[in-house]
Structure formats: C-alpha cells, structure tokens
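Q: Could you take me through one part of this protein slowly, as if we were sitting at the screen together? I would like a close look at a single sheet and how its strands fit side by side.

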Amino acid sequence: MKKIGNALLWLLLICSSVLGQKQPEQTQRYQISGKIEGLKNRKVFLKSYFHEKEIIDSVFSKDGVFRFQGKMAYPQTVTLYLSPMTDERKIVVQAGNILVKAKAGDLEHAQIQGSNANDVMDIYQEQIKLGRKFAKGVSAVEADSTLTSPEKQRRIYAIFTEVESFYDSVTTEFVKSHPNSMVSAMVIKSRFIQANNEAKARKSFEVLTDVVKKTFYGKKIQSYLYENEKVSVGKIAPAFTIKDVNGNAFQLSSMQGKFVLIDFWASWCGPCRQENPNLVRVYQQFKEKDFEIIGVSIDDNTKSWTKAIEVDSLQWTQVCDGNGMEGEVAKRYLISSIPTNFLLDKKGKIIAKNLRGEELKIALKHFIK
C-alpha cells in the first residue's frame, strides 16, 4: 500500500505544480535574496521544481542572509529549501528582484515580494489546501486492519476519484476568476495537460484572454490541443505493432470488428493499479460481447510489469516495448501521464477517452447493444 500513498503524493504535487510563460529567446536575469531568521551556518539551496535532482544553486549562510542570481527564459517554479528537504518553499520566479522573509523551520509560510505571479499562485495554493485531507484518508484506510485488501483498494480508489474531482473543480473555477493572469495558463498546463485531460484543458483555455493565450505556456497549451486532435474522439486510432507479454508481435489492426479499450498503465502507477480491479470486472462482464482490452504498459522493467499482471489477474492482451514514455506507442498517442485510455468502436474510431470506474461500464452499456 506504500506505493498507493506515494502515488497520491505524486497526484497532489501535479495539482500544485506550475510552469512559465515567456518566449525562450527573451532570457532575463533574476535575483532571489532575503533572510531566514534563526538560521546559522547552514547552506540554503535552490532547486528546479520539475527536475528533482537538479540543484540550481546553493549558498552558505552564516546569519540567514542569502542571495541567488541567474538567467531564465520564462517565469518558472523553483524550490527554496534547507537540507534535509523538510523545510521548503515553492516560488514562482520572474525576471527582476524577489525578496524572501522567512523563519527556519517554517519556510512554507515565507513572505515573497517582487513576484506578482507568486501572489496569484498563493491564492491558488490556498484554495487547494483542503485537498490535503485526502492524503490523511488514504493513510487511515491503509492502517485499518479490519479491511480486506480488495476493500482497501476500493476505498482508496474512491479517494483518488474524489481528489481528481476536487482539484479539477478548484482549477476550473480559479481560471474563470483569473482569466487575465499568466498563472491560469500555468495551472491549466500543470493540472489538465499533465493529466492528459484534453476536454477540460480546452474548456479552460477558451476562458483566457488573448494576452495570456499568447504567452509562452499559452502557446504550449495551444500546441497540445492542436496535436491532441490526432487522437481526439471521432478520429481513427493510430495503428501500431508492439510485442506482447510472450514476445510475439501484436498489431492493433487485429482487433478490427471489436470494441477495444486501449489502456495505458504501468506497474509503478498507483492510480493504474487501483483501476485494475474495475477493469477486471468490466472485462468479465463484456468480453463475450465483442469487447477487448489492450494493456499498453510504459514500464521499463519487464519483471515488475509481468509481476503486476499476475498479481492483478489481468487476463487481456498485454504489450510493452520497455521504453517507458519514450516508447513509440506512447508518443503516437501523446501520453504524458497515466492512467490514460481510449475506447474504440469496431472500425477503430475513438469514441471515448479516459473512462474510469462506473463511467466505463456506463459507456460500454451504451455502445455495446
């Protein structure tokens, strides 16, 4: 169950992450300086938010005073922290001077001046704080010894569903309230596009002002929506050939004449593993009605992949090229996060996307007469 907790943490991080806006060629300088009260003879670190191992800079501070300087292509999010990383603060960095006032042991509540984007992002962060209660819910379920493993899986999956619904709602309303802020483009990119939710990304993007749409990540969103048209509902699903779990070549075209769910997943993906029991039930109910599932794993560890297939009792076709997100099939379907799935009709046309839980059963009942 530890992996499930880690997956929830990953989900929360995705919901709170941000990206920048300006054109890459417009590189500008930034400075982050300030004082951390109570800090004596310790290093202060600055780290890339999206690249966990990438330390941008560090400085030794005798009395809590620090200063970082550098160049940036567009506003980005960095992490200011003390080692170990139990004391940290995310900062939206813009060109210019940013002043930080904080206390050692409580960087999370540091005061940030000089970054208007950071002020708006703090509003968003405050709105999503309520979501932290869901993590406690997972811990409580994991610790409940009176529950069977299947029951724990069902309850945790329900929590994941509630988490996604909550963050989607907060993000949608935030964008509506801040259509002229570049931060809205940031959260659309980080919440909806990172989760490959084209419909919600498109709907929120339409709310943005023209100025925000022309920012660096506004254009990134436009590019995503344009590319995603290739695998949108109504399009013929891209063909592919890939090896199955037995090492034999599998062609998607071999499924012509059946309704097919292409399910992108991985052994290490908590939400994917939580959805698997539902897929097992759905498969048992519809497999005799010209319905098949193709499990496309983005694992790069074959042993972990095959072990998960066995543990979760997955009886449908499983394929994997061992190249993770860089695999040809994942690229062809523009997979940026998992779980992601595509429901195809008997002619190979995409008729629905990202169906979870009861939604999948309802859709199959509608399409399969």
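A: Let's go strand by strand. The sheet is open and has four strands in the order S3-S2-S5-S6, with antiparallel pairing. Strands here are DSSP runs of E with at least two residues, and helices are runs of H or I with at least four, both numbered from the N terminus. Two strands count as paired if DSSP finds at least two bridges between them. What you see is a predicted model, in which local features need pLDDT of at least 70 and side-chain atom pairs count only at pLDDT 80 or more, while totals for chains, interfaces and linings use all residues. Residues are numbered from 1 along each chain as its sequence is written, and side-chain values use heavy atoms, with hydrogens and water left out.

Start at the edges. Strand S3 (55-61) and strand S6 (87-93) each have a single partner strand, so one side of each is left without a neighbour in the sheet. On average, neighbouring strands of this sheet are turned by 20° against each other, direction ignored. Such angles are taken between axes, which are lines fitted to C-alpha atoms (for helices over the stretch in contact), and run from 0 to 180 degrees between N-to-C directions.

Now step inward from S3 to S2. These two strands pair in the antiparallel sense over six bridges, and Arg42 stands opposite Ser61 in S3. Strand S2 covers residues 42-48, and five of its seven residues are buried, so S2 is largely enclosed by the rest of the structure. Buried means under 20% relative accessible area, exposed means over 50%, and partly exposed lies in between, using a 1.4 Å probe and protein chains only.

On to the next neighbour: S2 is joined to S5 by five bridges, and the two run antiparallel. Here Leu46 has Leu80 in S5 as its bridge partner. Keep your eye on Leu80, as this residue also stands opposite Arg89 in S6. Strand S5 (residues 76-82) and S6 run antiparallel and are joined by seven bridges.

Finally, zoom out to place the sheet in its setting. The protein has 12 helices and 15 strands, and buried residues make up 50% of its 369 residues. Its C-alpha atoms fill a box of roughly 70 × 50 × 35 Å along the principal axes.
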